[in-house]
Amino acid sequence: MANTELLARITARPDVFGGKPIIRDMRISVELILSLLAQGVTEEAILEDYPELETDDIRACTAYAHAVIAHDTLSAVSVAE
């Protein structure tokens, strides 16, 4: 799956977490998943704790972090107004 497709899984809504990026319009933030990964929590453990997530959702979080750091376009991210 290309980064553009992965980034399409990330949404931002002003009424959810103050507009922070979330996964597929769920109340699971990209920040939370990146924090768990940084703490050494495995992808399998995250998926077990959050069964509504899919492997590509976790990949989307890392693609989002990469895009932000690399100053790439985030046009694939859905932002509600």
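The following exercises, each with a worked solution, concern the predicted model shown above.

Residues are numbered from 1 along each chain as its sequence is written, and side-chain values use heavy atoms, with hydrogens and water left out. Because the model is predicted, local features need pLDDT of at least 70 and side-chain atom pairs count only at pLDDT 80 or more, whereas totals for chains, interfaces and linings use all residues.

**Exercise 1. Overall architecture**

Task: State how many helices and strands the protein has, and give the order of its elements.

Solution.
- Step 1. Helices (H or I, at least four residues) and strands (E, at least two) are DSSP runs, numbered from the N terminus.
- Step 2. The count is four helices and three strands.
- Step 3. Read from the N terminus, the order is α-β-β-α-α-α-β.
- Step 4. Of the 81 residues in the protein, 35% are buried; buried means under 20% relative accessible area, exposed over 50%, and partly exposed in between (1.4 Å probe, protein chains only).
- Step 5. Contact means heavy atoms within 4.5 Å. Among contacts between residues at least 6 apart in sequence, 50% join residues at least 24 apart.

**Exercise 2. Length and packing of helix H4**

Task: Determine whether the span of H4 agrees or disagrees with 1.5 Å a residue, and identify what its buried residues pack against.

Solution.
- Step 1. Helix H4 comprises residues 55–69.
- Step 2. The expected span of a helix is 1.5 Å times one less than its number of residues. The 15 residues of H4 should therefore span 21 Å, and the end C-alpha atoms are 22 Å apart, which agrees.
- Step 3. The buried residues of H4 are Asp 56, Asp 57, Ile 58, Ala 60, Cys 61, Ala 63, Tyr 64, Ala 65 and Ala 67.
- Step 4. Their packing partners are helix H1 (3–7), E1, E2, H2 and helix H3 (43–49).
- Step 5. Ala 63, at 8% relative accessible area, is one buried example. Not counting residues up to four places away in sequence, Ala 63 touches Asn 3, Leu 6 and Leu 7. The C-alpha atoms of Ala 63 and Ile 10 are separated by 9.8 Å, although the two residues are 53 apart along the chain.

**Exercise 3. The start of H4**

Task: Classify Asp 56 and Thr 55 as buried, partly exposed or exposed.

Solution.
- Step 1. Asp 56 has a relative accessible area of 19% and is therefore buried.
- Step 2. The side chains of Asp 56 and Arg 59 are joined by a polar contact of 3.0 Å. Such a contact is a pair of N or O atoms within 3.5 Å; within protein, one must be able to donate a hydrogen and the other to accept it, and residues adjacent in sequence count only if both atoms are side-chain atoms.
- Step 3. Thr 55, also in H4, has a relative accessible area of 37% and so is partly exposed.
- Step 4. Apart from neighbours within four places in sequence, Thr 55 is in contact with Glu 43 and Leu 47.

**Exercise 4. Crossing of H2 and H4**

Task: Describe the relative orientation of H2 and H4.

Solution.
- Step 1. Axes are lines fitted to C-alpha atoms, for helices over the stretch in contact, and angles run from 0 to 180 degrees between N-to-C directions.
- Step 2. The two axes come within 9 Å and cross at roughly 95°.
- Step 3. H2 is therefore roughly perpendicular to H4, a class covering 65 to 115 degrees; angles under 35 count as roughly parallel, over 145 as roughly antiparallel, and the rest as oblique.
- Step 4. Val 30, Ile 33, Leu 34 and Leu 37 of H2 meet Ile 58, Cys 61, Thr 62, Tyr 64 and Ala 65 of H4.

**Exercise 5. Positive phi in the loop between E2 and H2**

Task: Give the phi values of Arg 24 and Asp 25, and locate both residues.

Solution.
- Step 1. Most residues other than glycine have a negative phi.
- Step 2. Arg 24 has a positive phi near 45°, and Asp 25 has a positive phi of about 65°.
- Step 3. Arg 24 lies in the loop between strand E2 (21–23) and helix H2 (30–38); Asp 25 is placed in the loop between E2 and H2.
- Step 4. Arg 24 is partly exposed at 32% relative accessible area, and Asp 25 is partly exposed at 40%.
- Step 5. The backbone nitrogen of Asp 25 lies 3.0 Å from a polar atom of the side chain of Thr 11. Thr 11 belongs to strand E1 (residues 10–12) and is buried, with a relative accessible area of 9%.
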